[in-house]
Amino acid sequence: MLQHHDRPPLTDAAYTLLRDLILQRTGMVFDQGKRDLLADKLSELVASLGLTSFLDYYYLLRYDDAAEEHWARLMDRLSVPETYFWRQAEQFEALADIVAPAHFARKQGALRIWSAACCTGEEAISIAMALDRVGLLEGRGVQIRASDGSEAMVDRARAATYGERSFRQMPVGWRERYFDQAPDGRWRPLERIRDHIQYSVANLVRPEEVLPLAAADVIFCRNVFIYFSDDAIRSVVETFARAMPRGAHLFLGASESLTRLGVDFDLQEMGKGFVYVRSANAGLATATNRVTT
Ligand SMILES: C[S@@+](CC[C@H](N)C(=O)[O-])C[C@H]1O[C@@H](n2cnc3c(N)ncnc32)[C@H](O)[C@@H]1O
């Protein structure tokens, strides 16, 4: 990492422009308290591009012919790769013990599940293991999609090799049951688990990338809204609501809440946890442009 004295200063003007542009393109808030963090995260990108100021980097992101490529690298840099298997276990248990059986009792169709900020993939693998534990993974048409805004994270999720830290909450015996150990000591989920998951890159603030994936019965969108502004969360959740069928379930992270945002979801207690359910009258105002599911 560059030392503070080696990097150009993040001037007030450059900070404001970059903060607003990043908020608009990623949903992430870097308020005054995170200004130094933002400078740290951007400084290596700025240096590696041979730029001498953050303002030049702003112009690059806005106007350069290769701006999309620069955004992709920036998403990788802003990503916080903190996740592990069986995180908030009660939600995987609610999926396997309540949501999935109810779905199959009601409908013949596939159960579509989306891990919307999948990071390195532990969440999607946990979903597959949870359904396998109750015998619902095979033969019932379970479709698991996993996406992240960072290409680097999606590449790591696809590669699916995990070290000790990812297993810190895993129930005893599950690693041996669902993973093979590679010669380098890392663990890889069994092929029949991996084969249920389709990976892609999708930025949550881009409706055209979200709508096809959000046409799902269950969305796990956990520990990403903690970095977003309220407006960004509301807009993402409204996009979800346009595509999710009525009664579909949305799981958020433990410290995340929609209750103050006035969106079309009802909070319900389920098993030992909570879930947001797309309410029956959701999206009436946008019924004409809702994606039919
Ligand atoms: C802390 S991880 C959460 C991983 C997992 N959902 C969990 O709860 O353990 C946050 C992830 O959100 C992703 N992310 C941040 N902004 C995003 C956006 N605008 N669109 C899609 N993913 C985003 C990051 O790349 C990162 O992988």
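The expected span of a helix is 1.5 Å times one less than its number of residues. That rule gives us a handy way into this structure, which is a predicted model. Let's try it on helix H1, residues 12-26: with 15 residues at 1.5 Å a residue, H1 should span 21 Å, and its end C-alpha atoms are indeed 21 Å apart, so the two values agree.

Now look at which parts of H1 are covered. Its buried residues are Leu-18, Ile-22 and Thr-26. These residues cover an arc of only 30 degrees around the axis, which puts them on the same side of H1. Among the elements that cover them are helix H3 (54-63) and helix H4 (67-78). Turn the helix around, and the face pointing away from the buried side shows the exposed residues Asp-12, Ala-13, Thr-16, Asp-20 and Gln-24. After H1 comes Gly-27, with a positive phi near 85 degrees.

Let's step back to the whole protein. Its domain assignment gives domain 1, residues 4-78, and domain 2, residues 89-289. The C-alpha centres of domain 1 and domain 2 are 30 Å apart. Where the domains meet, nine residues of domain 1 are in contact with eleven residues of domain 2. On the side of domain 1 that touches domain 2, H1 and H4 each supply at least two residues. By class, the residues on that side of domain 1 are five nonpolar, two polar and two charged.

Where does the ligand lie with respect to the two domains? Both domain 1 (4-78) and domain 2 (89-289) give residues to the shell around the ligand, so the ligand lies between them. There are 23 residues around the ligand, and those that come nearest are Ser-79, Thr-83, Ala-117, Cys-119 and Gly-149. The shell as a whole has nine nonpolar, nine polar and five charged residues.

Further along the chain we can visit helix H6, residues 122-133. Its twelve residues reach 16 Å from the first C-alpha to the last, close to the 16 Å expected at 1.5 Å a residue. H6 is mostly covered, with ten of its twelve residues buried. The buried residues of H6 run through Glu-122, Glu-123, Ala-124, Ile-125, Ser-126, Ile-127, Ala-128, Met-129, Ala-130 and Leu-131. Just after H6, Gly-135 has a positive phi of about 75 degrees.

Helix H7, residues 151-159, has Met-153, Val-154 and Ala-157 as its buried residues. Seen down the axis of H7, these buried residues fall within an arc of 100 degrees, so they line one face of the helix. Strand E2 (142-148) and strand E5 (197-201) are among the elements that cover them. Just after H7, Ala-160 takes a positive phi of about 50 degrees.

Our last stop is a loop. Gln-108 sits between helix H5 (89-106) and strand E1 (111-115). Is Gln-108 buried or exposed? A residue counts as exposed if 12 or fewer other C-beta atoms lie within 10 Å of its own. Gln-108 has 7 other C-beta atoms within 10 Å, so Gln-108 is exposed. From Gln-108 to Met-244 there are 136 residues in sequence and 17 Å in space, C-alpha to C-alpha.

Terms used:
Residues are numbered from 1 along each chain as its sequence is written. This is a predicted model: local features need pLDDT of at least 70, side-chain atom pairs count only at pLDDT 80 or more; totals for chains, interfaces and linings use all residues. Helices (H or I, at least four residues) and strands (E, at least two) are DSSP runs, numbered from the N terminus. A residue is buried if 20 or more other C-beta atoms lie within 10 Å of its own, exposed if 12 or fewer, and partly exposed in between; C-beta atoms are placed from the backbone. The arc is that of the directions from the helix axis to the C-beta atoms. Two residues are in contact if their C-beta atoms, placed from the backbone, lie within 7 Å. Domain bounds come from an automatic or database domain assignment. Ala, Val, Leu, Ile, Met, Phe, Trp, Tyr, Cys and Pro count as nonpolar, Asp, Glu, Lys and Arg as charged, and the others, Gly among them, as polar. A residue is near a molecule or strand if its C-beta atom, placed from the backbone, lies within 6 Å of it.
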